[in-house]
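Me: Please take a close look at one part of the model below, the packing of a helix pair, and then set it against the rest of the chain. Give cut-offs for the terms you use.

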Amino acid sequence: MLFVFGLIGGIIGGTLAGFSGFVFGASIGFLIGWVNQLGGRLAALEKGEATTGRIAVSDRTPPVAEPISQQEEATGAPEPPEPEKLPEPPRPPHEAPVDAIQGEKRRDTGAADQTSSPAMRVTETMRAWFTSGNVPVKVGVVLCLFGMAFFIREAIDRQLFSLPIEFRLGAVAVFGLGLLVMGWRLRERRRGYALSLQGGGIAVLYLTAYTAFAMYGLLPAAAAFAFLLIVTVAGGALAVLQDSRALAVLGIVGGFMAPVLASSGSSDHVLLFSYYAILNVAVLRVACLKAWRSLNLLGFFFTFGIGSLWGYQGYQPEHFATTEPFLILFVVMYTLIPVFFSHRQDAPNLRGLVDGTLVFGTPIIGFGLQTSLVGDIEYGLAISAIALAGLYVSIATFIHHRAKDLRVMMEAFLGLGIVFLAIAVPLALDAQWTSVAWALQGAAMIWLSCRQQRRLALLGGLVLQLLAGATFVVQPGTYSADTLPLLNSLFLGAGLIALAGWSSGWWLDRSESPVSTKQVLAPVKWLLLGWSTAWWLWAGFAEIDRLFAPQAELAAGLVFVAFTAGAAAFAAGRLNWPNLNSVGLVLMPAMVVALLISMADRSHPFANYGWLAWPIAVAVHYAFLRFREAQFSRLIPALHTGAYWIVAGLIALEAEWSVDQWTNGIWPLAASIAAVAGFLLGTLRGREALPWPLGDHWFAYSGACAGGVALAVTAAVLASNLVSSGDAAPLPYLPILNPLTLASLFSLFVVWRWQLEGEWWRHADGYRFPIVAVVGLYLLTMAVARAVHHWVGVPFDLEALSESVVLQSSLSIAWGVTGLLGMVLGARTRRREIWIGGAVLMTVVVIKLFLVELDNTGTVARVVSFLGVGVLLLIVGYYSPVPPRLDAEAETAR
């Protein structure tokens, strides 16, 4: 039902006042629905208590009045007095005790007041008034009141009688005083009849005083209002002393109706509203003493109803100065009256009950009337909304400190204050600052939800911050030449939205909620943290894009993210908010993106202030890991591995760029490969020198960190040997002493050292020799191909090299020598696998001779190939004809 009320209110408000009206209407709808739910619960509680007879009735019979029977209330004849301390005489079966009848009647009426709709309650009240008690005297008093009003009016219009107007009005006043005195004298014997007479007398006095002052000017203002004040105080005192709601209602109705009945068409609104102000003072005073809701509602409807009717018919802009003070006064009065009503409830279980009609009707009607008064004044509505917000927040604060039992009332007023503050923002500020204010109000609502464990306030705060973000995005900021860095609406606005989100997440993280609630709030806290961090980064990047040259934006952005990560880690420790450390995790993705952008732009990372940005970013990241890695135990390997790879990438790119500034050819690539290999070797040697991070996380550094770099180095060596001719200009090409070959051998040596020391290769010993043999043969083949390219002049491409007879012959000799060395080395060291590898290679060479080089007729290369391989085989047969292990077994058998 809350959402239904909110939707209805939003639709009505949006139809009348656009988006701000939608927000205002939806908020009011939510609050009305919420109070309606609370009212239903309290009514159910009241009904349950009424069945056991434990609810105290607010309209108790005062000690000075005797019990009244139904006979006396209906006929006006008193019953015989009962002797003191004697048992009550038996009553007829049809006549119940008076206290029980009145108590049940009051309980029924109280329940109806709280559970039925306003229209039904008014109808029920009128029906009860005309069908209970001394009906003839009630009707007679009302008719006399109307008759006296009409008498005064006719006397004015027709100039009746020859007596001066002073005597005619005096006669009316005497008639009213007579009714009042008679009613007071009969108050103990015939209570119902006496109260009706007193009410009629008070109404006649109201009518007389208003007529003498407003229509004839017979009384000066001071005297007239003094008289009205006396009548008002007297009427309220009589009602309170005799505990008679009916007397108060009769007096107040007569007082409010007097100007209407006696009006001759004049439109002196100051006199009218001054008169109504005095009447409302009486209503306020009675509300301080009695919880008479019907009296409060009558005053509310008469005041704002007649005031609205006058405003529709006779208000002009020049009346503002004489109308605005009364509107403010009436709004303040009927804001305070429901507070007294809730406080004066006698039933303990009804204490703190909220009168939704006055609580929510007063701001709605009052702000609507204020719209008509100040709608054309710049910032008029904004100031009015802020004033109302201040009023409601002040009252809520007072209730919170002084009346703990009025918690629902306090929350209702606080909600109204937040609503009017939200309404004031778009009325006073532009769209961006409106979004900022909404975000801050949303944070305030979340703070309130954490303090009072209110999920509705939490939902409202989240929705308000979401609306703030959406509104901020669709209203782009404008810049000019005078726009200051950082001190502009875009950066400050987005930064404050981020601050609101961070504050909300911090409050939720520190709230002492039940376990079930914490499970619900866990994803909300992380969403708020991500939301606020995204807004902060967006604000910073937008400012960098505006202030820095395009080539410097990358470095500035990297420093900004590093600053954000460091500041978040520092604030997390100061605020005791561990979740804030998660903001530091954005630094590594930022470094990856920056490195990829540098590679895509074909520029080295240290260009355009990168020499400053990258060291700062890497240092902040490792500082973050040093002091905060324990919080991210599952991410420790990934965080260290990513940082290690990023540093290796920086070394490779910077080494290549630095050498490229001096020379071309293979030198830059060889330098890059060798530099990364040196970094890997330093890692393997630095375990003892760097207890952290290498010592503490050696498994990660020797495994994923060094392993990834080793694979990258190996891939770079294989690819460069495949595609590069190894041009060493300005130096001549030498088969081994050239940059590419030397860098390849050094890099593969480092990789070999890594796989020997790394813990990942302990179970892969059987794969080491085949991998090394294949890689070595590949490097030998490409070295021979580069030598043929440089010395013979064969183009360095696959097609030309494959058709080169010289290359084929050279490969046969080189492979044959390698196979020979393998077989001899295997036999001497008794390593069977080495001997078998050499034998396989020799077999490949023989097959190659007959399949590839046999067709090279008439060439020297063919002769060289066959003779060379044959001689090599003869040497093999002499030194190691069989595998070493088989040879040893044969020796034993022999």
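Reply: The helix pair comes first, followed by a second pair, the chain as a whole and a few single residues.

The model is predicted, so local features need pLDDT of at least 70 and side-chain atom pairs pLDDT 80 or more, while totals for chains, interfaces and linings use all residues. Residues are numbered from 1 along each chain as its sequence is written, and side-chain values use heavy atoms, without hydrogens or water.

The pair is helix H10 (residues 269-289) and helix H12 (residues 320-343), whose axes are 10 Å apart and pack at an angle of about 15 degrees. Helices here are DSSP runs of H or I with at least four residues, strands are E runs of at least two, and both are numbered from the N terminus. Axes are lines fitted to C-alpha atoms, for helices over the stretch in contact, and angles run from 0 to 180 degrees between N-to-C directions. H10 and H12 are therefore roughly parallel (under 35 degrees; over 145 is roughly antiparallel, 65 to 115 roughly perpendicular, the rest oblique). Their crossing is left-handed, meaning that the near helix is turned anticlockwise from the far one by less than a right angle; clockwise would be right-handed.

On the H10 side, the contact (heavy atoms within 4.5 Å) includes His 269, Phe 273, Tyr 276, Asn 280, Leu 284 and Cys 288. On the H12 side, the residues include Thr 322, Phe 326, Phe 330, Met 333, Ile 337 and Phe 341. By class, the H10 and H12 contact has 18 nonpolar, 5 polar and no charged residues (Ala, Val, Leu, Ile, Met, Phe, Trp, Tyr, Cys and Pro count as nonpolar, Asp, Glu, Lys and Arg as charged, the others, Gly among them, as polar).

A second pair runs the other way. The axes of H13 (residues 356-374) and H14 (residues 380-402) come within 10 Å and cross at roughly 155 degrees; the two helices are therefore roughly antiparallel. The crossing of H13 and H14 is right-handed. Residues making the contact include Pro 363 and Phe 367 of H13, with Leu 381 and Tyr 392 of H14. The contact of H13 with H14 holds 8 nonpolar, 4 polar and no charged residues.

These pairs belong to a protein chain with 33 helices and 0 strands. Of its 894 residues, 46% are buried (under 20% relative accessible area with a 1.4 Å probe, protein chains only; over 50% is exposed, in between partly exposed). Among contacts between residues at least 6 apart in sequence, 72% join residues at least 24 apart.

Thr 533 lies in H19 (residues 515-547) and counts as buried, at 7% relative accessibility. Beyond its neighbours within four places in sequence, Thr 533 touches Trp 502 and Val 583. Gly 822 is in H30 (residues 805-829) and is buried too, at 13%. Apart from neighbours within four places, Gly 822 is in contact with Ile 834, Trp 835 and Gly 838.

The backbone has some exceptions to the usual pattern. Most residues other than glycine have a negative phi, and most peptide bonds are trans. Arg 830, in the loop between H30 and H31 (832-853), has a positive phi near 55 degrees and is exposed at 61%. The bond joining Trp 692 and Pro 693 is cis, with omega about 5 degrees.
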